[in-house]
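Colleague: I have a model to go through with you. Can we take the ligand site, the helices and the odd backbone angles in turn?

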Amino acid sequence: MNRPVYVLGTGLRKFGKYPELTHKQFAVPAVLEALKESGLSRERIDVAYSSSVFGGSMMGQQILGQLGLTGIPIINVEDACSSSAVGVHEAAARIAEGRCEAAVIVGVDMLTKLGRGALPLNREDWDAINGLTMPVLYAMRARRYMHEHGLKAADFSEVTVKARAHGARNPLAQFQKPVTLEEVNASREVADPFRLLHCCPTGDGAAAVVLGSESLMKEFAGGRPPVQVAGTVLHSGEYEPGPYSMTTSHVSSKSARDIYELTGVSPTDIHVAEIHDSFAAAELMYYEAFQFCRPGDALALLRSGATSLGGRQVVNPSGGLISRGHPVAASGVAQIAEITRQLQGRSGAHQVEGARVGLAHVTGGGVSNFEHGACAVTLLKR
Ligand SMILES: CC(=O)CC(=O)SCCNC(=O)CCNC(=O)[C@H](O)C(C)(C)COP(=O)(O)OP(=O)(O)OC[C@H]1O[C@@H](n2cnc3c(N)ncnc32)[C@H](O)[C@@H]1OP(=O)(O)O
């Protein structure tokens, strides 16, 4: 059985710093917003998926219990940055297979509670013991990319300038102030070649979506254009014992190939994408993984303006992880909510005009000998 699945509702909190709130307090309004948009009463929700990497055990029960959404399966999903997109992947499969009619998926993380500095890593992991924090891991990949394609560190700054220009138009972004190339290049060094403004920030965030079957979509469309989940793909990296390459994005390239094959959509059909720009260099690498350009042409694509608002294939209109923010477990579902609103023409000053096909890509999890822990891609169509 393979039934169509739709996004019935979205809930997005403004990302930022909320030290006075608990995870539960911050996430509940996102779920309420998504439920309200969906038009579904709580009794119509069959299953819930909840993600929080740093919030602690049973976060789903804490959030949904507050809303009286109990007595249904509540499944807590942890797959680092991809966590809540994995929840969407699983929920969509349940609905497509006819095992349920409606699901709510929520992601929340409050990273400011962790204090300053890089995100804490697993102290039993070999790479982590050797100091491979996320900025360092991506810095190594960026150095290799510079070597292979003749880029300078300052070239990555152009990604940040675009991200911050987009974020400045998004009232829900963590950073809403544009920056200049000079400001990015003058920001403090974090991990060569990255400076502070090449990195996504740590911050607090929560987002939710409600997915449902076609019959529910018809019953509760609420006057908004229906947005279908045309396909989802989930891959974990290959395990490679011994020396392995950290400089390529095999798992994202494989996920991109698979989503195009699964949906019959080609790279040039994508009008809008939210791509995992955790560090500025990553956005360029992922242009190539998603075949928006040939290997080595990513900087030229960026400079052409094609991926900026007003361009033909806009990447990260929300500001992406660099400007909208990256509260780990909230990011995947936030991207999917963002693309849904884009396809429905509801994105205000950062609207991609005429967008009908969009994708969300999130990848993460640093584990020794794995390229990435999990990469999730969701393709949405109006
Ligand atoms: C495998 C995968 O692919 C998984 C992934 O997604 S990897 C990505 C996961 N996320 C990360 O790794 C987060 C990356 N960023 C960081 O670790 C941190 O931002 C950092 C280490 C670069 C800086 O942290 P820090 O030095 O402790 O800065 P902090 O004390 O928090 O902030 C100082 C100021 O700089 C600002 N700031 C911090 N990080 C910033 C950033 N990345 N961009 C812009 N401003 C930033 C803060 O807002 C703050 O400003 P105010 O004083 O005005 O509030």
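**Helices, ligand site and backbone**

Modeller: Start with helix α10 (residues 280-289): 10 of its 10 residues are buried, so the helix is largely enclosed by the rest of the structure. Bear in mind that this is a predicted model.

Colleague: Which residues of α10 are buried?

Modeller: Buried means under 20% relative accessible area. In α10, that holds for A280, A281, A282, E283, L284, M285, Y286, Y287, E288 and A289.

Colleague: Which residue just after α10 takes a positive phi?

Modeller: Look in the loop between α10 and α11 (298-304). The residue there is partly exposed, because its relative accessible area is 39%. Its phi is about 60 degrees although it is not a glycine. The residue is Q291.

Colleague: Where does the ligand sit?

Modeller: Its shell has 25 residues, and the closest are R116, G117, Y138, C199 and H276. The ligand sits in the largest pocket.

Colleague: Which elements give two or more residues to the shell around the ligand?

Modeller: One is a helix and one is a strand. They are α5 (134-149) and β11 (357-364).

Colleague: Which residue has a polar side-chain atom 2.7 Å from an oxygen atom of the ligand?

Modeller: Set the backbone cases aside. P201 has a polar backbone atom 3.4 Å from a ligand nitrogen. T363 places a backbone N or O atom 3.2 Å from a ligand oxygen. The side-chain case is H276.

Colleague: How much of the ligand's accessible area does the protein cover?

Modeller: On its own, the ligand has 1,000 Å² of accessible area. The share covered by the protein is 78%.

Colleague: Is Q344 buried or exposed?

Modeller: Q344 is in the loop between α13 (328-343) and β11. Beyond four places in sequence, Q344 touches R224, P225 and V227. Its relative accessibility is 10%, so Q344 counts as buried.

Colleague: Which side chain makes a polar contact with the side chain of Q344?

Modeller: The two side chains are 2.9 Å apart at this contact. The cut-off for such a pair of N or O atoms is 3.5 Å. The partner of Q344 is R346.

Colleague: Why does T263 count as buried?

Modeller: T263 is in helix α9 (residues 250-263). Leaving out neighbours within four places in sequence, T263 is in contact with A230, G231 and L379. T263 is buried because its relative accessible area is 16%.

Colleague: How many Å apart in space are F220 and G39, C-alpha to C-alpha?

Modeller: F220 is in helix α8 (residues 214-220). Its contacts beyond four places in sequence are S38, G39, L40 and R44. F220 and G39 are 181 residues apart in sequence, and their C-alpha separation is 5.7 Å.

Colleague: How many Å apart in space are A93 and E183?

Modeller: A93 is in helix α3 (residues 83-96). A93 counts as partly exposed, because its relative accessibility is 27%. A93 and E183 are 90 residues apart in sequence, and C-alpha to C-alpha the distance is 45 Å.

Colleague: What phi does A80 have?

Modeller: Most residues other than glycine have a negative phi. A80 lies in the loop between β3 (74-76) and α3. With 16% relative accessibility, A80 counts as buried. Its phi is positive, at about 50 degrees.

Colleague: Which residues does a cis peptide bond join?

Modeller: Most peptide bonds are trans. Here omega is about 15 degrees. P193 is in the loop between β5 (189-191) and β6 (194-195). The bond joins D192 and P193.

Key
Residues numbered from 1 in each chain as written. Predicted model: local features only at pLDDT ≥ 70, side-chain atom pairs only at ≥ 80, totals over all residues. Heavy atoms only, no water. Helix = DSSP H or I, 4+ residues; strand = E, 2+ residues; numbered from the N terminus. Buried < 20%, exposed > 50% of the residue type's maximum accessible area, 1.4 Å probe, protein only. Contact = heavy atoms within 4.5 Å. Near = heavy atom within 4 Å. Polar contact = N/O pair within 3.5 Å; in protein donor to acceptor, adjacent residues only side chain to side chain. Areas by Shrake-Rupley, 256 points an atom, 1.4 Å probe, with all protein chains shown as cover. 1 Å grid on protein atoms, 1.4 Å probe; cavity = no way out; pocket = protein on both sides within 12 Å on 5 of 7 lines; lining within 4 Å. Sits in = over half its atoms within 2 Å of the grid points.
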